[in-house]
Amino acid sequence: MSNSDTPPEQGIKVGAARRKAVRVSPEGLVREQALLPDRALPWLITPTQPGIDLAEWSAAHRQLIENHLLTIGAVLFRNFGVRSEADLEGFVQGLSGDLLEYTYRSTPRKQVAGNIYTSTEYPADQHIPLHNELSYTREWPMKIAFCCLRPAQQGGETPIADSRRIYQAIDPDVRERFASRKVMYVRTYGGGLDLPWEEVFQTSDRGAVEDFCRSHGIEFEWKNDNRLRTRQVCQAVARHPATGEPVWFNQAHLFHVSGLPAAVREALLSAQQEDDLPRNVYYGDGAPIEPESLAEIRRALQQETVSFPWQEGDVLLLDNMLTAHARTPFVGPRKIVVGMAQPHSISEPAASV
């Protein structure tokens, strides 16, 4: 690799970078720089001339992009003329191989082309908190790419945050307690309150669901009225397989009942037992998680959030372990599509870090 291909942040503390002079690649085809003046992520790559195909250019510079991802965690490709789901699919395939199916779902999405999906289809007035994709499981994609085909008239950003910085920002006592005790996700499907199990597991075959659960270390229990309850203990903290760095990697703050709006939470708890909630989370031993610990986690997430407005044709590529993502409320039509690749799994919940 030539010196000009060296990732810009090596030897520099992530997040501490200031805006640098724009760099032009050796071929003169792209410019690179930090998007924001006070944060390293996302790293911005733009073409120097029209007609440069993103999929072709990125496939020819996989190592450069991988270096940026491992150092910074997020790369934003802008002004490459990306216009369709097929463009995103070709980009991800060229970098990381076949795209992954979205299985064991926690949110509603639609499959729009190949293994390209809509972003989470929650109502536009709802905020989706920061999270790493599928970090409520023991298997997840290492790469996730978002493409803006139509930005909202107002809002609708996809905020991001460095999972390494989140880990460091959380009070050490809270961080170590979660790392050692891990997290248990309890989900109850059916009853019209959340996704039905048929959508979550993408099958109506109970036997196939049971096979999936057994092979993934998920306890399951069939309930009355075609309902299903599952429990799974997963990591709270993980180490990145390439960098060895510890990252905050769970969705405790998102699954916990305290994350619901107060009126929704009160209505649910007044109508049913806590065990029957559509989703909730506990420590790995089944003990309740302290409200103050969840408040500390949410504080750290908010502190590390980075946001920027989408532009049509933007492609945002994340290392899914190093960078969390979210969604802000929005007004007007919005179309963001998503592709995931490079599966990674652990056979047992991660050890303490």
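## A cluster of rings

Ring pairs join F77, F80 and F91 into a cluster. Keep in mind as you look around that this is a predicted model. Across the structure there are 13 aromatic pairs. One of them is F77 with F91, an edge-to-face pair whose centres are 5.2 Å apart and whose planes make an angle of 70°. This pair links distant parts of the chain, since F77 belongs to strand β4 (residues 74-77) and F91 to helix α3 (residues 85-96), 14 residues apart.

Are these two rings buried or exposed? F77 has a relative accessibility of 1%, so it counts as buried. F91 is buried too, with a relative accessible area of 1%.

## A second edge-to-face pair

Y102 and Y117 also form an edge-to-face aromatic pair, with 6.1 Å from centre to centre and 70° between the planes. Here again the pair links distant parts of the chain: Y102 is in the loop between α3 and β5 (111-113), while Y117 is in strand β6 (residues 116-118), 15 residues apart. Both Y102 and Y117 are buried.

## The nonpolar core

Which residues touch the most other members of the largest nonpolar core? They are F77, L88, F91, F178, F201 and L316, in a core of 94 residues. Strand β8 (residues 139-150) gives this core its largest share, eight residues.

F77 is worth a closer look. Setting aside neighbours within four places in sequence, F77 contacts I45, L54, W57, I65, F91, G313, D314, V315 and L317. So F77 appears in the ring cluster, among the core residues that touch the most other members, and in contact with the listed residues from other parts of the sequence.

## Charges over rings

Two arginines are placed over aromatic rings. R206 lies over the face of W222, 4.1 Å from the ring centre. At F255, the charged end of R279 sits over the ring, at 5.0 Å from its centre.

## A three-stranded sheet

Now to the backbone. An open sheet is built from three strands in the order β7-β18-β10, with antiparallel pairing. Its edge strands are β7 (128-131) and β10 (160-162), each of which pairs on one side only. On average, and with direction ignored, neighbouring strands of the sheet are turned by 15° against each other.

How many bridges join β7 to strand β18? Two bridges do, and β7 and β18 (residues 323-327) run antiparallel. For I128, the bridge partner in β18 is R327. In general, strands of a sheet pair through backbone hydrogen bonds, either parallel or antiparallel.

Key. Residues are numbered from 1 along each chain as its sequence is written. This is a predicted model: local features need pLDDT of at least 70, side-chain atom pairs count only at pLDDT 80 or more; totals for chains, interfaces and linings use all residues. Side-chain values use heavy atoms; hydrogens and water are left out. Rings of Phe, Tyr and Trp (its six-membered ring) pair if their centres lie within 6.5 Å; planes under 30 degrees apart count as stacked, over 60 as edge-to-face and the rest as tilted. Helices (H or I, at least four residues) and strands (E, at least two) are DSSP runs, numbered from the N terminus. Buried means under 20% relative accessible area, exposed over 50%, partly exposed in between (1.4 Å probe, protein chains only). A charge sits over a ring if NZ of Lys or CZ of Arg is within 6 Å of the ring centre and within 35 degrees of the ring normal. A nonpolar core is a set of buried Ala, Val, Leu, Ile, Met, Phe, Trp, Tyr and Cys residues joined through side-chain atoms within 4.5 Å. Contact means heavy atoms within 4.5 Å. Two strands pair if DSSP finds at least two bridges between them. Axes are lines fitted to C-alpha atoms, for helices over the stretch in contact, and angles run from 0 to 180 degrees between N-to-C directions.
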